[in-house]
Amino acid sequence: MALSMTGCGEGTASDGSSTCRVELRCVNNRFLKFSLRAREGFSALESRLEAAVRERVKRGTVQMTLDLTGPAAPAARQFDESQLEAYLGQLEHFCTRHDLPVPRSIDALLALPGILADGLPTGDAAAAAWPLVSRALDLALDRLDAMRRSEGDAMARDMRVTLGEIRSIAARIRDRVPAALEEHRTRLLERVGRVLEQRGVALAEADLAREIALLADRSDIAEELVRLESHVAQFDRLLDEDTPGRQLDFLTQELAREANTVASKSADVAIAHAIVELKTQVERLKELVQNVE
């Protein structure tokens with residue numbers, strides 16, 4: 001079934017001493033866009049992480065959060081001694097100039113920017129952590145897929161109901177066409193008859209038949225209704241595929257095009273009302289399709 005482009009999934013894996021947690025959040029996008037939030041130094045894994053995501057996600061904006069603790073994580077925070085010495089030198093200079101006692105504790109200095117920094121893992125350390133990260137990522141992707149599939153199934157059911165409404169409206173329009181032509185024939189006969197009666201001229205049946213034939217040709221919507229039903233049938237089949245989003249988006253545009261053409265060809269009030277309903281259902285499809293992968 002069609003997959004939704006929105007969802008989230010979380011996966012945690014541990015090897016006893018280190019633990020990796022991966023969180024994925026996905027929202028709709030015309031293309032696939034990947035971003036990673038992790039401790040500095042693990043950017044070496046970004047290309048492998050993105051490749052793994054691309055195997056399972058074809059469209060959407062995917063935001064990944066990666067957290068690693070234990071021996072595989074970056075080194076513990078450590079002093080930047082040169083930065084601390086610079087701060088101390090400035091503090092002593094300030095206290096001397098203003099005849100103030102120099103503080104005997106550096107506790108307050110520890111909160112200043114640049115004093116404590118995360119150790120950076122080497123490329124080898126990041127590569128060594130990959131098996132653990134990969135396990136957590138696979139779990140997160142499985143849960144993301146489960147959520148996207150569940151939402152996709154719900155959307156597919158809703159879209160199939162809408163397709164049924166479109167079929168019903170198209171059938172009503174087709175059934176209305178003969179009556180619309182007959183009503184137009186009656187009105188035309190009455191109007192022309194009144195004009196000719198005033199002038200004492202008789203209306204030839206052949207002339208009336210020719211006019212009705214011309215009207216029927218100009219307002220023939222059989223071809224548009226056939227294409228519309230074909231688009232609906234194809235749309236229904238595509239809902240059984242995993243990633244039909246782009247094709248469904250194209251079909252909604254074609255459905256709207258056929259509805260506009262029918263509206264422009266027909267002057268019947270009942271058909272015009274049906275077209276308004278048809279366009280409403282097509283717009284509903286279009287909104288749902290924007291979230292299909």
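Contact here means heavy atoms within 4.5 Å, and that is the sense of packing used in these close-ups of a predicted model.

**View 1. Helix H6 and the helices beside it.** Helix H6 covers residues 245-265. Its 21 residues reach 31 Å from the first C-alpha to the last, close to the 30 Å expected at 1.5 Å a residue. Where do the buried residues of H6 pack? They settle against H5 and H7. The buried set of H6 is made up of Gly245, Leu248, Leu251, Thr252, Glu254, Leu255, Glu258, Ala259 and Val262.

**View 2. Glutamate 254 within H6.** Is glutamate 254, a residue of helix H6, buried or exposed? Glutamate 254 counts as buried because its relative accessible area is 12%, and the cut-off is under 20%. Its side chain has a polar partner to look for: the side chain of arginine 257, at 2.9 Å.

**View 3. The largest nonpolar core.** Thirty residues is the tally to keep in mind here, written as 30 in the count for this core. Among these residues, Met159, Ile173, Phe235 and Leu278 touch the most other members. Two or more residues come from each of helix H3 (123-199), helix H5 (222-238), H6 and helix H7 (269-289).

**View 4. Leucine 278 up close.** Which residues does leucine 278 contact, leaving aside neighbours within four places in sequence? Have a look at Ile166, Ile169, Leu228 and Ala259. Ala259 is also one of the buried residues of H6.

**View 5. Another core, set apart.** Apart from the largest core lies another, of 27 residues. Leu45, Val133, Leu141 and Leu144 are among its members.

How values were computed
Residues are numbered from 1 along each chain as its sequence is written. This is a predicted model: local features need pLDDT of at least 70, side-chain atom pairs count only at pLDDT 80 or more; totals for chains, interfaces and linings use all residues. Side-chain values use heavy atoms; hydrogens and water are left out. Helices (H or I, at least four residues) and strands (E, at least two) are DSSP runs, numbered from the N terminus. Buried means under 20% relative accessible area, exposed over 50%, partly exposed in between (1.4 Å probe, protein chains only). A polar contact is a pair of N or O atoms within 3.5 Å; within protein, one must be able to donate a hydrogen and the other to accept it, and residues adjacent in sequence count only if both atoms are side-chain atoms. A nonpolar core is a set of buried Ala, Val, Leu, Ile, Met, Phe, Trp, Tyr and Cys residues joined through side-chain atoms within 4.5 Å. The expected span of a helix is 1.5 Å times one less than its number of residues.
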